[in-house]
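Student: I would like to learn how to read the features of a model like this one. Could we go through it step by step?

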Amino acid sequence: MKIFAYSVREDEVKYFEKLIAEGLDITYISDYPCLDNVELARGYDAVTIISNVLSKEMYEAWHAFGVKSIGTRSVGFDHMDTKLMKSLGMRGIHAVYSPNAVANYTIMLMLMACRKITFILDKSKVQDFALPGKIGKELSLCTVGIIGTGQIGETVIRHLSGFGCRILANSSHEKDSVKKYAEYVDLDTLYKECDIISLHIPGTSGNYHLINSDSIAKMKDDVILVNTARGMVVDSEALIEGLESGKIGFAALDTFEEEVGLYYKNLERNRIVNRTRSILQSFPNVILSPHMAFYTEQSTSDMVATTIRGLIELENEGSSLLEVSYE
Ligand code: COI
């Protein structure tokens, strides 16, 4: 089986080289896939990408060149047009990786928000060591609401239990393993009772703008909102209004709705035209990190290995547990 890998970062190279040394036929380039380089995959059975947005023409071109499957080296596959793939007879694979990566980062954001640490460090740099405005909340005394109890949400809950907080959870698939540490409640109860609300649901159409002006209105005053899931789950306009009114005390965001196409490049010298980002960045009570929660040595290794494994399973066995759903 021949696999063509796009968007391969320097830190991924050693994992691809390891697979090549084991005998796999993989060619890789660092360029993102685009209409100018789709043809490079002619004659390959599969391509792998990473959170790249692909046009209809690109899927059609790969299909015409004989590419049967596409593997995204990410857990989420909301950037893939799986309906179109299905209609073309192409199949998709997504990665799985250590849930600790995003779970650790989420808890770090919760702590940073509770203790206003970005503000404290900024002030410390200019020798403002005064206490006013810097008082924090103890995470251990907070009620934390986790929306989504898949692998990542469950790991956040298990790790948070060590802090001693009260944990509420919401999911359409309740798990006994989660019930040891958290109480499942409906969304309205979670909104009403939680000091911190953290999102761990996928970017599906059903989750689009789950957090909107109505849901924000149901939340506690001064709530801390954490999003390490997908930007589209939160209506940016409603989020900004919630920050302006003071209803939202802190937003710790590793992702936001309008980030598509923005990240993983050095844009230091560019004029960025992204009003949502500019507005969010202007709040002292917002952390906006560039979709980094996944990024650890372990997850990078897992992302390469599991995506390639999934593509091989599809080719050799006709099925894989890592196959995407086509909706
Ligand atoms: C995922 O794996 O789904 C992520 O969010 C990380 C990806 C954007 C690189």
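**Ligand site and strands**

Tutor: The ligand is surrounded by S51, S74, V75, G76, Y97, R230, Y264, H291, F294 and M303, where a residue counts as near if one of its heavy atoms lies within 4 Å of the molecule. This is a predicted model: local features need pLDDT of at least 70 and side-chain atom pairs pLDDT 80 or more, while totals for chains, interfaces and linings use all residues. Residues are numbered from 1 along each chain as its sequence is written, and side-chain values use heavy atoms, without hydrogens and water.

Student: How do the residues of the shell around the ligand divide into nonpolar, polar and charged?

Tutor: Ala, Val, Leu, Ile, Met, Phe, Trp, Tyr, Cys and Pro count as nonpolar, Asp, Glu, Lys and Arg as charged, and the others, Gly among them, as polar. Here the shell has 5 nonpolar, 4 polar and 1 charged.

Student: Which side chain has an N or O atom 2.7 Å from an oxygen atom of the ligand?

Tutor: A polar contact is a pair of N or O atoms within 3.5 Å; within protein, one must be able to donate a hydrogen and the other to accept it, and residues adjacent in sequence count only if both atoms are side-chain atoms. The side chain in question is that of R230. From the backbone, an N or O atom of V75 lies 2.7 Å from a ligand oxygen, and a polar atom of G76 lies 2.8 Å from one. The protein buries 93% of the 290 Å² that the ligand exposes when taken alone, by the Shrake-Rupley method with a 1.4 Å probe.

Student: In what sense do β1 and β2 pair?

Tutor: Strands of a sheet pair through backbone hydrogen bonds, either parallel or antiparallel. Strands are DSSP runs of E with at least two residues, helices runs of H or I with at least four, numbered from the N terminus; two strands pair if DSSP finds at least two bridges between them. β1 (residues 2-5) and β2 (residues 25-28) are parallel, over 4 bridges, with K2 partnered by D25. β1 also pairs in the parallel sense with β3 (residues 46-49), over 3 bridges.

Student: How many salt bridges does a search of the whole structure find?

Tutor: A salt bridge is a side-chain nitrogen of Lys or Arg within 4 Å of a carboxyl oxygen of Asp or Glu. The search finds 19. One joins K137 and D222, with the closest N and O atoms 2.9 Å apart. K137 lies in the loop between α5 and β6 and D222 in the loop between α9 and β10, so the pair ties together parts 85 residues apart in sequence.
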